[in-house]
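Here is a short report on one protein chain. Look at the sequence and the fold, then read on.

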Amino acid sequence: MLPVGILLAAGRGRRFDPSGARNKLLQPLHGGESVVASSARTLLKVLERVVAVVAPHDGGVGAQLLALGCEVTVCPDADSGMGTSLAHALRHAHPTSCLIALGDMPHLQASTVRALCDALDGGAGIAAPVCGGRRGNPVAFSAAYVPQLFGISGDQGARALLKSQPVTEVEVADPGIFQDIDLASDL
């Protein structure tokens, strides 16, 4: 059974535009598609269900994701951090297993998402992609770890769980696992 995709798209992108006038997730890429739409589309190529968590007053992020076929849930406390948004999305989705992806990683390849799903099918508890010896995103969690994700809060996401539990590293030829859009120059 495929994991539920959890797409974290509730961040404010303060490094991208400290004034808050330009939402990095809505910025167009070279092909014209927005950062968040490209990130979601990759997940939707592989996963049957993608739940996106957005912030209130998201400027249209949720509408784009709904149009693509994602389920969208608004986290009223999104400014509390990524962990809070993640826990909110999980409460909405009630997944058996999940793959947690970031809305600002439009260069991720669908083959990486498939490889992480295959690792879960093969018995991995937590699976993370590795390219050139470096670990990246997204990360997949089996049913054994989902209950621990519900208690996450603040801005650390699942980092503590990744440090304290065994992680199956899945070798991929995908530099997109590192390429998030944090600055305008990243576009």
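Pro-138 sits in the loop between strand 6 (134-135) and strand 7. Helices (H or I, at least four residues) and strands (E, at least two) are DSSP runs, numbered from the N terminus. A cis peptide bond, with omega about 10°, joins Asn-137 to Pro-138. Most residues other than glycine have a negative phi, and most peptide bonds are trans.

The model is predicted: local features need pLDDT of at least 70, side-chain atom pairs count only at pLDDT 80 or more, and totals for chains, interfaces and linings use all residues. Residues are numbered from 1 along each chain as its sequence is written, and side-chain values use heavy atoms, with hydrogens and water left out.

**Loop residues**

Two histidines have a positive phi. For His-57 the angle is about 55°, and for His-94 it is about 50°. Ser-142 is also a loop residue, placed between strand 7 (139-141) and helix 5 (146-149). Buried means under 20% relative accessible area, exposed over 50%, and partly exposed in between (1.4 Å probe, protein chains only).

| Residue | Loop | Relative accessibility | Class |
|---|---|---|---|
| His-57 | strand 2 to helix 2 | 80% | exposed |
| His-94 | helix 3 (82-93) to strand 4 | 61% | exposed |
| Ser-142 | strand 7 to helix 5 | 14% | buried |
| Leu-47 | helix 1 to strand 2 | 4% | buried |

Contact means heavy atoms within 4.5 Å. Not counting residues up to four places away in sequence, Ser-142 touches Thr-96, Ser-97, Leu-120, Ala-124 and Gly-125.

**Overall fold**

The protein has six helices and eight strands. Along the sequence they run β-α-β-α-β-α-β-α-β-β-β-α-α-β. The radius of gyration is 15 Å, close to the 16 Å from the globule rule for 187 residues, so the protein is as compact as a globular protein of that length. That radius is taken over C-alpha atoms, and the rule is 2.2 Å times the number of residues to the power 0.38. The C-alpha trace spans about 45 × 35 × 30 Å along its principal axes. Of the 187 residues, 53% count as buried. Among contacts between residues at least 6 apart in sequence, 71% join residues at least 24 apart.

**Cores**

A nonpolar core is a set of buried Ala, Val, Leu, Ile, Met, Phe, Trp, Tyr and Cys residues joined through side-chain atoms within 4.5 Å. The largest one has 34 residues; Leu-7, Leu-43, Leu-47, Leu-65, Leu-99 and Val-113 have the most contacts inside it. Elements giving two or more residues to this core include strand 1 (4-9), helix 1 (35-44), helix 2 (61-68) and strand 4 (98-102). Helix 4 gives the most, with seven residues. A second, separate core of 28 residues includes Ile-6, Cys-75, Ala-78 and Met-105.

What does Leu-47 contact, leaving aside its neighbours within four places in sequence? The partners are Leu-2, Pro-3, Gly-5, Leu-99, Val-113 and Cys-117. With the same kind of neighbours left aside, Leu-65 is in contact with Leu-7, Ala-9, Val-36, Ala-40, Ala-52, Val-54, Cys-70 and Val-72.

Helix 1 is largely enclosed by the rest of the structure, because eight of its ten residues are buried. Among them are Val-35, Val-36, Ala-40 and Leu-43. Their cover includes strand 1, strand 2, helix 2, strand 4 and helix 4.
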